[in-house]
Structures are given as structure tokens and as C-alpha cells.
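Got a few minutes to go through this one together? Let's ask how each label is earned.

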Amino acid sequence: MAATVFERDAHARARPQGGTLDLHEESGLLALDRAGLTEAFLKMARYEDQGDRLLDRSGHVHFEYEEAGAGDRPEIDRSALRDILLEALPSQCVRWDSVVCSVSPAGDNTWNVMVGDQSFGSFDLVVGADGAWSCVRPLLSPYKPQYTGLTFIEFGINDIDRRFPVLSKLVGRGKVGILGGGREIIAQRNGHAHVRVYAIFRVPADWASRRFDLTSAASLRTELLREFSDFANEITDLFRAANRQFRRSANPCAAGRS
Ligand SMILES: Cc1cc2nc3c(=O)[nH]c(=O)nc-3n(C[C@H](O)[C@H](O)[C@H](O)COP(=O)(O)OP(=O)(O)OC[C@H]3O[C@@H](n4cnc5c(N)ncnc54)[C@H](O)[C@@H]3O)c2cc1C
């Protein structure tokens with residue numbers, strides 16, 4: 001059956017896709033199997049990065065799981081997974097740079113998709129996979145995403161094993177969660193010695209705009225060091241080692257773990 005994917009990103013490399021994913025047997029791995037993509041996945045999968053550790057803010061380890069290559073939830077970088085999926089599609093299937101603004105009935109149980117002032121269709125099935133702020137979901141549900149009070153600041157550390165061996169050990173082969181005072185830092189190992197870090201804390205929705213310039217890496221770094229000033233220095237070194245690409249996740253539905 002022919003299908004069209006309308007995607008907001010301008011092209012496949014328009015932005016980093018986010019952190020590493022663990023795929024499970026009954027969901028992600030099953031879907032790849034059904035799509036005939038297991039072999040391609042196995043070439044990119046990181047079975048060696050399934051470790052998990054939980055620390056408190058002083059650096060004391062409360063839980064640790066690390067067994068090289070064991071476990072049945074292999075990790076893969078999102079960009080690598082998306083490349084695998086894209087390569088398996090016919091070349092004209094994805095329409096890049098296409099921001100869908102609405103979907104409307106076109107009669108006979110079919111639907112039109114509006115991209116800017118252009119109408120596409122009619123389609124007999126529309127799958128709304130457009131994220132938290134979906135413009136398709138309102139057709140099915142009146143509920144809107146709400147800010148739960150938790151803000152995520154995301155950033156990366158490059159070449160961690162060579163440049164920051166102490167932090168590399170802190171992160172281990174997988175991910176580490178560091179909890180304290182209703183806040184958490186999660187650092188997860190991605191491919192190519194890159195580590196992605198999330199600093200999670202409770203602030204009002206307009207916190208950033210009230211306090212400082214969100215686009216400035218220097219001021220975000222300073223603000224994180226202030227927010228987590230009661231965490232051990234060996235932990236907040238994660239902020240000091242960060243590259244300049246800080247990003248605030250507008251993640252209205254995050255539940256957090258604290
Ligand atoms: C820190 C963190 C870690 C996570 N770890 C895991 C994990 O290990 N395993 C796991 O399974 N899940 C994980 N998740 C959850 C997972 O990321 C989400 O469940 C998943 O990304 C949701 O997929 P989605 O397709 O609904 O939305 P998205 O991933 O947000 O994708 C939406 C897509 O639609 C596009 N889009 C948006 N609006 C429009 C529009 N109007 N027109 C056209 N295109 C549009 C976007 O550009 C994007 O490509 C994690 C989430 C977070 C925050």
C-alpha cells in the first residue's frame with residue numbers, strides 16, 4: 001500500500017534526534033523483525049551499553065547493573081535507527097519540510113492533510129505520529145498537553161572516554177541517574193563516546209524567560225551549576241564538561257522519577 005510521510009524537519013540531518021533508545025523484545029525489536037530490518041539493526045545495536053546505575057547527590061551508589069554484553073534491551077542511537085527506517089522506504093515516501101497544520105474530513109471516510117495552504121489527499125487512513133503537540137490528536141481527544149512542573153535541560157559531552165575519563169567512569173556502560181532534593185541528572189552513553197545528559201528540576205513554566213537568555217550556553221551552564229549546587233563536584237563536572245549545545249526540552253508530559 002502506498003503511503004506518504006509528512007515531516008516538519010527540512011531533511012534527515014536537520015537536527016539531532018535525541019538520546020539513545022533501548023528496544024524491547026515485545027515492541028521495538030518485534031516491529032523491526034516484522035519490517036525485515038533485524039539484520040540492519042544488529043549492525044548498529046549496542047548490546048554492551050545496557051548498564052544502569054543509581055546514585056545520590058553525594059555520589060554514593062545505591063544500585064548498579066553492569067554486565068558486559070548481557071541483557072535483552074539493546075541500545076541504538078536515534079539517528080542510526082531513523083537512518084535504518086528511512087533507507088527501507090521508497091525515495092519519494094517522505095515529504096521533508098512539510099509542517100502539517102490540520103487534517104479534515106474529505107467525505108466517504110477519507111481525509112485531507114493541509115500543509116501550509118496546500119491540501120493533500122484524500123487519504124483513507126491518517127496516522128498522527130507528530131509528537132506531544134500533535135495537530136492530529138484534537139480530532140480524537142479534547143485534551144491538551146500540560147506542563148507538569150518539570151523542566152529538562154539537555155546537553156552533550158563529546159569524546160568522553162579520552163577527554164574526561166573520570167566522568168566516563170561515572171556514566172559507566174549505559175546510563176546513570178543521580179537523584180537528590182526532587183531533582184535528577186540522567187547521563188546516558190550514546191555511540192562514538194558521546195554522552196547525552198538531562199538535568200531535571202521543578203520550576204515554573206516561564207522560568208527561563210524570566211531569569212536569563214535561554215540561547216546562551218554560558219548562562220545555562222551557570223544556572224545549572226546554581227540549581228545543582230548541593231550535588232558533589234564530581235557530578236556537576238558533567239555541566240562543566242558540556243559542549244555548547246544546551247537545549248530545553250519542552251516535555252509537557254514527563255513524569256520524572258524523583
Ligand atoms: C529523556 C527521554 C528518554 C527516552 N528514552 C526512551 C527509550 O529508551 N525507549 C523508548 O522507547 N522511548 C524513550 N523515550 C520516549 C520516546 O522518545 C517517545 O515516546 C517518542 O519519541 C514519541 O514518538 P512520537 O513519534 O510520538 O513523537 P516524536 O518522537 O516527538 O516525533 C514526532 C515527529 O513529528 C514531527 N512533527 C511534529 N509536528 C509536526 C507537524 N505539524 N507536521 C509534520 N511533522 C511534525 C517531528 O519533527 C518529529 O519528527 C524517551 C523520552 C525521553 C524524553
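Q: What makes β11 and strand β12 (residues 183-189) a pair, and in which sense do they run?
A: Two strands pair if there are at least two bridges between them. β11 and β12 have 6 bridges, in the antiparallel sense, so they pass that test. Bear in mind that this is a predicted model.

Q: Which residue of β12 stands opposite Lys175?
A: That's Gln188. Lys175 also has a bridge partner in β3, namely Asp52.

Q: How do you know that strand β3 (residues 51-56) pairs with β11?
A: Same test: at least two bridges are needed, and 6 join β3 to β11. Here the strands run parallel.

Q: Why is strand β11 (residues 174-180) called largely enclosed?
A: Because 5 of its 7 residues are buried, and buried means under 20% relative accessible area.

Q: What is there to see in the hairpin of β11 and β12?
A: There are 2 residues between the strands, and Gly181 takes a positive phi near 55°.

Q: Which residues other than glycine have a positive phi?
A: Asp159 is one of them, with phi near 55°, in the loop between β10 (150-157) and α4 (160-163). Ala193 is another, also near 55°, in the loop between β12 and β13 (195-202).

Q: Why is Ala193 called buried, and what does Asp159 count as?
A: The cut-off for buried is under 20%. Ala193 has 18% relative accessibility, so it counts as buried. Asp159 has 28%, which falls between 20% and 50%, so it counts as partly exposed.

Q: Why is Thr20 called buried?
A: Its relative accessible area is 9%, and the label needs under 20%, so Thr20 qualifies. Thr20 is found in strand β2 and touches, among others, Arg46, Ile76, Gln188 and Asn190.

Q: What makes the link between Thr20 and Glu75 a polar contact?
A: The limit for such a pair of N or O atoms is 3.5 Å. The side chains of Thr20 and Glu75 make theirs at 2.8 Å, so the distance fits.

Q: Which residues of helix α3 (residues 78-87) are buried, and what do they pack against?
A: Ala80, Leu81, Arg82 and Ile84 are buried. The buried residues of α3 pack against β2, α1 (28-34), α2 (38-44) and β5 (75-77).

Q: Which residues come nearest to the ligand?
A: Of the 17 residues around the ligand, those are Glu7, Arg8, Asp22, Arg78 and Val100. Strand β2 (residues 20-22) gives the largest share of the shell, 3 residues. By class, the shell has 6 nonpolar, 4 polar and 7 charged residues.

Q: How do you know that the ligand has polar contacts with Glu7, Arg78 and Ala129?
A: Set each distance against the limit of within 3.5 Å. An N or O atom in the side chain of Glu7 is 2.6 Å from a ligand oxygen. For the side chain of Arg78 the distance is 2.8 Å. A backbone N or O atom of Ala129 lies 3.5 Å from a ligand oxygen, so Ala129 sits right at the limit. As for cover, the ligand taken alone exposes 1,000 Å², and the protein buries 57% of that.

Q: What makes the bond between Gly121 and Ser122 a cis peptide bond?
A: Look at omega, which is about 5° there. Ser122 has its place in strand β9 (residues 118-123).

Key: Residues numbered from 1 in each chain as written. Predicted model: local features only at pLDDT ≥ 70, side-chain atom pairs only at ≥ 80, totals over all residues. Heavy atoms only, no water. Near = heavy atom within 4 Å. Polar contact = N/O pair within 3.5 Å; in protein donor to acceptor, adjacent residues only side chain to side chain. Areas by Shrake-Rupley, 256 points an atom, 1.4 Å probe, with all protein chains shown as cover. Helix = DSSP H or I, 4+ residues; strand = E, 2+ residues; numbered from the N terminus. Nonpolar A, V, L, I, M, F, W, Y, C, P; charged D, E, K, R; others polar. Buried < 20%, exposed > 50% of the residue type's maximum accessible area, 1.4 Å probe, protein only. Contact = heavy atoms within 4.5 Å. Lists of a residue's contacts leave out its neighbours within four places in sequence.
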